[in-house]
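Work through the exercises below with the sequence and the structure at hand. Each task is followed by a solution in steps.

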Amino acid sequence: MFAVERQQMIAEQIRGKGAVRISELVEQFGVSVETIRRDLLELEKGGQLRRVHGGAVGPVQSGQYSTLPERREENASGKSELARYATELLDEGDSVFIDCGSTAAVFAEQLARQFARLTVITNSLDVFERLRDREGFELYLCSGVYLRGENAFCGSWAVERVRCFHAGTAFICPSGISLEYGVMDYDRELYHVQRAMMECADRTVFLADSGKFEKSALLKLADVKPGCTLVTDAGLSDEIRDLYRENGIRIAEGRK
C-alpha cells in the first residue's frame with residue numbers, strides 16, 4: 001500500500017471516530033511505528049489531525065456558546081447518564097462544590113435521589129432548588145452578583161464565599177475539553193468562581209457529555225493531564241476514550 005493511500009484511510013478514521021491510536025494503526029496496516037508517526041506528521045501538516053501522545057485526534061472545533069435554556073435540551077440523556085456515573089465517586093456524608101449550568105442541575109437531581117447526607121456548596125440557584133428539600137443535606141449558597149443568564153452568582157463576593165470552605169471534591173461542568181488545549185469554558189464572570197472551587201477542593205472532577213470532547217472555548221480552566229478525572233456518557237467513541245486513558249486521564253464510567 002502506498003503512503004498516500006494509508007494516510008487517506010487514517011484521515012477517514014479520524015473524521016469518523018475522532019481519534020486514532022498508533023498501536024492500532026501499526027496492527028491494522030502491518031507497518032512500523034516510525035512509518036505511522038511519519039504518516040501522522042504529514043496529516044498534521046495538512047491540518048487533518050493533531051498528534052498527541054499515543055496517537056492523534058481530529059482538529060479541535062470551536063464549541064458553540066448556547067443559552068442555559070438551550071443547553072438544558074442538549075444531550076439530556078447523556079447528562080443523566082454521566083450524572084449517575086459521577087455519583088459513584090462519592091460516599092454518604094461527603095462534602096462537595098458543585099458548579100452551575102445544565103449538567104450541574106441534572107447532577108444535583110441525581111444526588112437528591114441517591115444520597116441521604118451530603119454537604120453541598122454551590123453558586124447555582126438551579127442546584128440549590130433541587131436540593132433544598134433534602135433534610136439530610138447541608139447546603140451553602142455562595143451568593144454575589146446575580147447572573148440571570150446562568151441563574152447563578154458570580155463576582156468577587158461569590159469567590160470570597162467559596163474560599164471560606166473546603167470540600168473533598170469540586171464538580172466542574174466545562175464547555176469544552178481537549179487533550180491539547182485543556183478544560184475550557186466561556187463565561188469570564190463564572191470562571192473565577194470555578195477556579196476558586198477547584199483550588200479549595202482536594203480533587204476536581206469534570207462533568208462533560210460526549211459532545212464536549214475535543215471542543216474549544218474562550219477560557220482555559222485547567223490542563224488535561226495525568227491524574228485528571230473526567231466523567232462522560234457512553235456516546236464518547238472508543239478511540240477517543242482509549243487515547244485519553246493512554247495519556248493517563250481517568251474517564252469515570254460507573255461501577256460495572
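The model is predicted.

**Exercise 1. Surface and burial**

Task: State how much area the protein exposes and what share of the 256 residues is buried.

Solution. Begin with the surface: the exposed area is about 12,200 Å², and carbon and sulfur atoms supply 46% of it. Then turn to burial: of the 256 residues, 54% are buried.

**Exercise 2. Overall dimensions**

Task: Decide whether the radius of gyration of the protein agrees or disagrees with that of a compact globule.

Solution. For 256 residues, a compact globule would have a radius of gyration near 18 Å. The protein has 20 Å, which agrees. For the extent along the principal axes, use the box filled by the C-alpha atoms, roughly 65 × 35 × 30 Å.

**Exercise 3. Elements and contacts**

Task: Count the helices and strands, then find what share of the contacts joins residues at least 24 apart.

Solution. The count gives ten helices and 17 strands. For the contacts, take those between residues at least 6 apart in sequence; 64% of these join residues at least 24 apart.

**Exercise 4. Lys212**

Task: Locate Lys212 and classify it as buried or exposed.

Solution. Lys212 sits in the loop that runs between strand S13 (201-207) and strand S14 (215-216). Its relative accessibility is 16%. The cut-off for buried is under 20%, so Lys212 counts as buried. Next, set aside the neighbours within four places in sequence: Lys212 is then in contact with Lys79, Thr103, Pro174, Ser175, Gly176 and Ile177.

**Exercise 5. Cysteines**

Task: Determine how many disulfides the protein has.

Solution. A disulfide requires two cysteine sulfur atoms within 2.5 Å. By this rule the number of disulfides is zero. Take Cys142: the nearest cysteine sulfur belongs to Cys164 and is 7.8 Å away, and Cys142 is in no disulfide. Cys142 is buried, at a relative accessible area of 1%. Take Cys154 next: the nearest cysteine sulfur, that of Cys100, lies 8.8 Å away, and Cys154 is likewise in no disulfide. Cys154 is buried too, with a relative accessible area of 2%.

**Exercise 6. Gly16**

Task: Say which helix holds Gly16, and whether Gly16 is buried or exposed.

Solution. Gly16 belongs to helix H1 (residues 3-17). The relative accessible area of Gly16 is 64%, and the cut-off for exposed is over 50%. Gly16 is therefore exposed. As a last step, compare positions: Gly16 and Gly55 are 39 residues apart along the chain, and 15 Å separates their C-alpha atoms.

How values were computed. Residues numbered from 1 in each chain as written. Predicted model: local features only at pLDDT ≥ 70, side-chain atom pairs only at ≥ 80, totals over all residues. Heavy atoms only, no water. Helix = DSSP H or I, 4+ residues; strand = E, 2+ residues; numbered from the N terminus. Rg over C-alpha atoms; globule rule 2.2 N^0.38 Å. Buried < 20%, exposed > 50% of the residue type's maximum accessible area, 1.4 Å probe, protein only. Contact = heavy atoms within 4.5 Å. Areas by Shrake-Rupley, 256 points an atom, 1.4 Å probe, with all protein chains shown as cover.
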